Amino acid sequence: MAGNRTFTMIKPGAVRKNYEGAILKMINDAGFKIRAMKLTRMSTTQAGAFYEVHKGKPFYDNLVKFMSSGPIVAAILEKENAIEDFRKLIGATNPENAAEGTVRKLFACSVTENAVHGADSDENATREADFFFSTFERFYDYE
Ligand code: GTP
Ligand code: MG
């Protein structure tokens with residue numbers, strides 16, 4: 001991902017409420033280019049694998065159940081300093097602590113149903129993008 005790409009998902013709750021368009025507008029307005037995108041649904045096994053790092057934590061089962069409860073929008077985004085800038089745009093994990101104007105402040109309903117995911121490192125962005133996208137589904141060389 002070379003420092004200028006990140007991976008995101010618009011989570012099932014936000015898709016159910018038809019917030020995809022508004023969230024994608026915020027993402028574009030913040031200067032991110034969409035380099036890959038799809039509407040898809042994770043099985044419980046896939047959601048469990050995606051969030052494997054949290055296995056054993058008290059919120060893991062609910063997280064997996066929620067993340068496999070309906071379609072999500074998965075995307076690879078590009079911008080300078082993508083990981084950090086995207087985490088700033090989405091706000092704190094718990095929407096009660098998220099700054100005004102952030103995606104989670106505007107669209108999340110709880111710490112589990114917190115509207116969006118954002119990769120937290122280059123390494124995880126690469127792993128997560130590989131989880132969802134083949135090379136043919138990525139458009140890195142377009143203006
Ligand atoms: P993601 O972008 O979804 O990865 O969120 P994050 O990076 O802000 O948080 P983290 O990776 O630590 O946790 C992954 C997800 O697990 C969060 O988005 C929350 O939905 C959930 N989660 C994390 N911590 C808690 C917690 O203390 N309680 C509950 N109920 N859920 C949590
Ligand atoms: Mg995380």
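A polar contact is taken here as a pair of N or O atoms within 3.5 Å; within protein, one atom must be able to donate a hydrogen and the other to accept it. In the predicted model, the backbone nitrogen of Ser-134 lies 2.8 Å from a polar atom of the Glu-137 side chain. The side chain of Glu-137 is also joined to that of Lys-38, by a polar contact of 3.2 Å.

Glu-137 is located in the segment that follows helix H7, which spans residues 122-132. With a relative accessible area of 31%, Glu-137 is partly exposed, because this category covers values between the 20% limit for buried residues and the 50% limit for exposed ones. When residues up to four places away in sequence are left out, Glu-137 touches Arg-35, Ala-36, Lys-38 and Phe-132. A further relation across the sequence involves Met-37: its C-alpha atom is separated by 8.0 Å from that of Glu-137, although the two positions lie 100 residues apart in chain numbering.

Helix H2 comprises residues 20-29, and Ile-23, Leu-24, Met-26 and Ile-27 are buried within this helix. Viewed down the axis of H2, the buried residues fall within an arc of 155° and therefore line one face of the helix. Lys-25 and Asp-29 are exposed and are carried on the face of H2 turned away from the buried side. Just after H2, Gly-31 adopts a positive phi of about 100°.

Conventions: Residues are numbered from 1 along each chain as its sequence is written. Chains are lettered from A and ligands numbered from 1 in the order in which they are written. This is a predicted model: local features need pLDDT of at least 70, side-chain atom pairs count only at pLDDT 80 or more; totals for chains, interfaces and linings use all residues. Side-chain values use heavy atoms; hydrogens and water are left out. Helices (H or I, at least four residues) and strands (E, at least two) are DSSP runs, numbered from the N terminus. Buried means under 20% relative accessible area, exposed over 50%, partly exposed in between (1.4 Å probe, protein chains only). Contact means heavy atoms within 4.5 Å. The arc is that of the directions from the helix axis to the C-beta atoms.
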